[in-house]
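Work through the exercises below with the structure open beside you. Try each task before you read its solution.

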Amino acid sequence: MLADGCSDGYYADYSIRQCVLECNNSLYIYKDDTTMQCVDQCPFGTFGDYSNMTIKKCRIDCPADWYQDNSTWTCVTRCPIYPSYYADLHLGKCLDRCRI
């Protein structure tokens, strides 16, 4: 059934080869609403959001007060110090240098 896709509202979890309503509650497993799969890395251009620990999903934009971290493709509350990134409050992104 996974090869043909899951029923509406279900996600393909290839680690257990089942269609599930909720993905594994591991910190690094996200719901991808585009592919309807449980993924350990969000697709390019999306960020793994774990701000709500019970609903981890891939998002285009991070929630308020969270930043898009391009080094990990996740939403973070603080930008990483290695590599050295700066939090841009207006863009909601971690940047390698401050904008002028």
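**Exercise 1. Where does methionine 53 lie: in a strand or in a loop?**

Start with the ground rules. This is a predicted model, in which local features need pLDDT of at least 70, side-chain atom pairs count only at pLDDT 80 or more, and totals for chains, interfaces and linings use all residues. Residues are numbered from 1 along each chain as its sequence is written, and side-chain values use heavy atoms, with hydrogens and water left out.

Step 1. Strands here are DSSP runs (E, at least two residues), and helices are runs of H or I with at least four; both are numbered from the N terminus.
Step 2. Methionine 53 sits in the loop between strand E5 (47-49) and strand E6 (57-59).
Step 3. Check its cover. Buried means under 20% relative accessible area, exposed over 50%, and partly exposed in between (1.4 Å probe, protein chains only). Methionine 53 has 42% relative accessibility, so it counts as partly exposed.
Step 4. Look across space. Asparagine 25 is 28 residues away in sequence, yet the C-alpha atoms of the two are 8.2 Å apart.

**Exercise 2. Describe the overall build of the protein.**

Step 1. Count the elements: 10 strands and 0 helices.
Step 2. Take the dimensions. The C-alpha trace spans about 50 × 20 × 20 Å along its principal axes.
Step 3. Of the 100 residues, 33% are buried.
Step 4. Turn to contacts (heavy atoms within 4.5 Å). Among those between residues at least 6 apart in sequence, 27% join residues at least 24 apart.

**Exercise 3. Which side chain of opposite charge is nearest to aspartate 32?**

Step 1. Place the residue: aspartate 32 belongs to strand E3 (residues 30-32).
Step 2. Define the charges. Lys and Arg count as positive, Asp and Glu as negative; His and the chain ends are not counted.
Step 3. Define the pairing. A salt bridge needs a side-chain nitrogen of Lys or Arg within 4 Å of a carboxyl oxygen of Asp or Glu.
Step 4. The nearest opposite charge is lysine 57, at 8.9 Å; aspartate 32 is buried and has no salt bridge.
Step 5. Find a polar partner. A polar contact is a pair of N or O atoms within 3.5 Å; within protein, one must be able to donate a hydrogen and the other to accept it, and residues adjacent in sequence count only if both atoms are side-chain atoms. The side chain of threonine 35 makes such a contact with that of aspartate 32, at 2.9 Å.
Step 6. Beyond neighbours within four places in sequence, aspartate 32 touches residues including Tyr11, Val39 and Cys58.

**Exercise 4. How many salt bridges are there?**

Step 1. The rule gives 4 salt bridges.
Step 2. One of these pairs is lysine 57 with aspartate 33 (2.8 Å, N to O). Lysine 57 lies in strand E6 and aspartate 33 in the loop between E3 and strand E4 (37-39), so the pair ties together parts 24 residues apart in sequence.
Step 3. Glutamate 22 and lysine 31 also pair, at 3.3 Å, N to O. Lysine 31 is buried at 10% relative accessibility, while glutamate 22 is partly exposed at 47%.
Step 4. Arginine 97 bridges to aspartate 96, with the closest N and O atoms 3.8 Å apart. Both residues are exposed.

**Exercise 5. What is the phi of arginine 17?**

Step 1. Arginine 17 is not a glycine, yet its phi is positive, about 55°.
Step 2. Its place is the loop between strand E1 (11-13) and strand E2 (18-20).
Step 3. Arginine 17 is exposed, with 64% relative accessible area.
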